[in-house]
Amino acid sequence: MTDTILVAIAWPYANAEIHVGNLTGSHLPGDIFARYHRLKGNRVLMVSGSDSHGTPITVRADAENTTAFDVYQRYHAGFLDLFQQLGITYDLFTSTHTESHFDVAQKIFLALNQNGFLYQEKQEQWYSSAQSRFLPDRYVEGTCYICGYDNARSDQCDKCGSLLEAGKLIDPKSKIDGSTPELRETTHFFLDLGKLEPNIVNFLKEKESFWRPNVLKQSIGQIQTDGLRGRPITRDLDWGIPIPLEGQSGKCLYVWFEAVIGYLSAAIEYAKLINEPELWKDWWMGQTTKSYYFIGKDNIPFHAIIWPAELIGISTTFDEMMNSEHPKTLVLPYDVPANEFMNLEGKKISGSRNWAVFGRDFLTRYDPDPLRYYLTVTMPESRDTDWDWDDFYHRNNDELVATWGNLANRVLSFAYKYWEGIVPDPGDLSEMDNQLISNVEQGFDIVGREIESVHLRSAVQEAMRIASEVNKYLDTTSPWLTIKTDKHIAGRAIYIAMKAIDSLKILFAPFLPFTSEKLNEFLGYQGSLFGTQSLYTEKDNLGEHSVLRYHPENGDGNWSPSKLKPGDRFLKPLPLFKKLDPAIVEEERNKLGN
């Protein structure tokens, strides 16, 4: 039975280059998950885009004396380049600065308002007398009144994850000029989370058996401790999505409210791009659809509380606004497998201090699969982890090169030399031969279950363990020695090893797609395991925006064991991975912070 899977990945702010912490936090785990489900034959839609309206963009624009639009366009282009190089296969990577997103976000606002889940209230907000304007929350930093963290934003503390009340921030300062802002009254729309609390609690209680502890702690745990109160969803801004009501000039939708709507608007945009405008409903209204949200821990409240609240609050009203003949509700998140943070050499990653490993910079010196592998085996699934250059060096040389790469290269090179590119006939198999094939084939169930549970570290470790078992088999059978006395016995061992390698190619494919594709070619297959990616330029009344699209129809790989047969032809192989020089460790460490 085919499953329908929505893979929704956190929208990166278009104000800075993406670093390894961002990649291992959301983009890479989402891609691994999506690739696996495509190989399984499931219907996958993987979406995200550049968050172009966040105040980090306007902060950078002010610092560079340019426009927020120019900042967003520049970094958005870099994201598209990185995802192509690293193989992050978005069915659609778009942006929040599109007519489609504006329309959907405004309809969500109107639906919530119509259903009685919005209210207006006067609120004190930070105001800069020097600039004669209200300051967005990210323009004001101070000390968190809950945990004491001294770089908390006025709306959220990145250390303890708490959503903050601006007026309670201790020692607030403007990020622009360091001055102390003052609180002034302004009127905003609030999302009535208190009214929605019973529905949200019921939704979260259904997830207690399988959601990650960190997600439950920051969602139902916080509700049980503090309860839910109304939260403002508008701000006094000139860069963003205008409130679609009269008399609201100069006010826009708050970025945290409208950015999560991007998962829905991107699906709608995707359906239009492929000329099937109703197709988005398959992922948003299907009773069996499972939607997974890949995010970092700082985004948990927005995806486990706020977004479900929006979806519950709109009921069928949004679909009515989409002119549906039989309006339906939208599906709530199935899982929010949020990751913790990745640090760097024992310190918190900081792009502004250049204490970071940036994705595009890394790929100027190294290949993409070693990056994907290291970020998977060190993925912060249950606790913060650390990028360590010495560890990267050893993982590359001891695991990718020595365990997996050398296995594939030496077996195929040996087979090509002695059987001239034709898979040898093994004859009758021994008990040991059958046992190895059985162990490898069991890997499809074991690795598959781990990926489906979003335990990606253990999944790739199991694939590497199976590769080690194949190496042990070859140590025992020693075809490199028996070839001198009995070519048939040597051929049997090589045939078994080739079938194992062919299966391992698939087990590794979601994690190591580039080298798996190479190996697929070396083994004589004509098609590709995965589809292709393409860039497109779209135009609307907001201007041009580029999108990245994945074409699954161009790939024919499937999650099943090897069907390699005696007599099949294969090609002369090349090494899959490069052995690194130990000198790279100090070279890379010396670049940090400079």
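Two strands are said to pair if DSSP finds at least two bridges between them. In the predicted model described here, β9 and β10 meet that condition, because two bridges join these antiparallel strands. Within this pairing, F190 of β9 has P232 of β10 as its bridge partner.

The pairing of β9 with β10 belongs to an open sheet of four strands, which follow one another in the order β5-β4-β9-β10 with antiparallel pairing. The edge strands of this sheet are β5 (133-134) and β10, each of which pairs on one side only. Between β4 and β9 there are 10 bridges, and these two strands run antiparallel; in this pairing, Q123 has T186 of β9 as its bridge partner. On its other side, β4 pairs with β5 in the antiparallel sense over two bridges, and S128 stands opposite R133 in β5.

Residue E185, which is placed in strand β9, illustrates how residues distant in the chain are brought together in this sheet. The residues E185 and Q123 are 62 residues apart along the chain, yet their C-alpha atoms are separated by 5.4 Å. Apart from residues up to four places away in sequence, E185 touches K122, Q123, E124 and F134. With a relative accessibility of 57%, E185 nevertheless counts as exposed, because the cut-off for that class is over 50%. As a general point about such strands, the side chains in a regular strand alternate between the two faces of the sheet.

A further open sheet consists of three strands in the order β7-β6-β8, again with antiparallel pairing. Here β7 and β8 stand at the edges, and each has a single partner strand, so that one side of each is left without a neighbour in the sheet. Strand β6 (residues 140-143) is joined to β7 by two bridges, the two strands running antiparallel, and E141 has R153 in β7 as its bridge partner.

The loop between β7 (152-153) and β8 (170-174) contains S154. Although S154 is placed in a loop, this residue is buried, because its relative accessible area of 1% lies under the 20% cut-off. When neighbours within four places in sequence are left aside, the residues in contact with S154 are W126, D137, V140, L164, E165, A166 and L169.

Two of these contacts of S154, L164 and E165, also appear in the description of the second largest pocket, where L163, L164, E165, R229 and R231 are the lining residues that lie nearest the centre. This pocket has a volume of about 930 Å³ and is lined by 41 residues. The elements that contribute two or more residues to its lining are β4 (118-128), β9 (182-191), α6 (213-218), α7 (220-226), β10 (231-232) and α11 (300-314). When sorted by class, the lining comprises 15 nonpolar, 11 polar and 15 charged residues.

A hairpin is formed by β16 and β17, with two residues between the strands. Strand β16 (residues 532-540) pairs with strand β17 (residues 543-551) in the antiparallel sense over nine bridges, and in this pairing K539 has E544 of β17 as its bridge partner.

The largest nonpolar core holds 113 residues, of which W387, W404 and M498 touch the most other members. Leaving aside neighbours within four places in sequence, M498 is in contact with V411, L412, A415, V423, P424, L523, L564 and F570. A second core, separate from the largest one, has 70 residues, and W11, F117, I220 and L228 are included among them.

Two loop residues were also examined for their backbone angles. Most residues other than glycine have a negative phi. In N65, however, which is not a glycine, phi is positive, near 55°; this residue lies in the loop between α2 (55-64) and α3 (68-86) and is exposed, with a relative accessible area of 74%. A positive phi, near 50°, is likewise found in E420, which is also a residue other than glycine. The place of E420 is in the loop between α15 (389-419) and α16 (431-452), and with a relative accessible area of 61% E420 is exposed.

Definitions and conventions: Residues numbered from 1 in each chain as written. Predicted model: local features only at pLDDT ≥ 70, side-chain atom pairs only at ≥ 80, totals over all residues. Heavy atoms only, no water. Buried < 20%, exposed > 50% of the residue type's maximum accessible area, 1.4 Å probe, protein only. Contact = heavy atoms within 4.5 Å. 1 Å grid on protein atoms, 1.4 Å probe; cavity = no way out; pocket = protein on both sides within 12 Å on 5 of 7 lines; lining within 4 Å. Points joined across faces, edges and corners; volume = space filled by probe spheres on them. Nonpolar A, V, L, I, M, F, W, Y, C, P; charged D, E, K, R; others polar. Core = buried A, V, L, I, M, F, W, Y, C linked by side-chain atoms within 4.5 Å.
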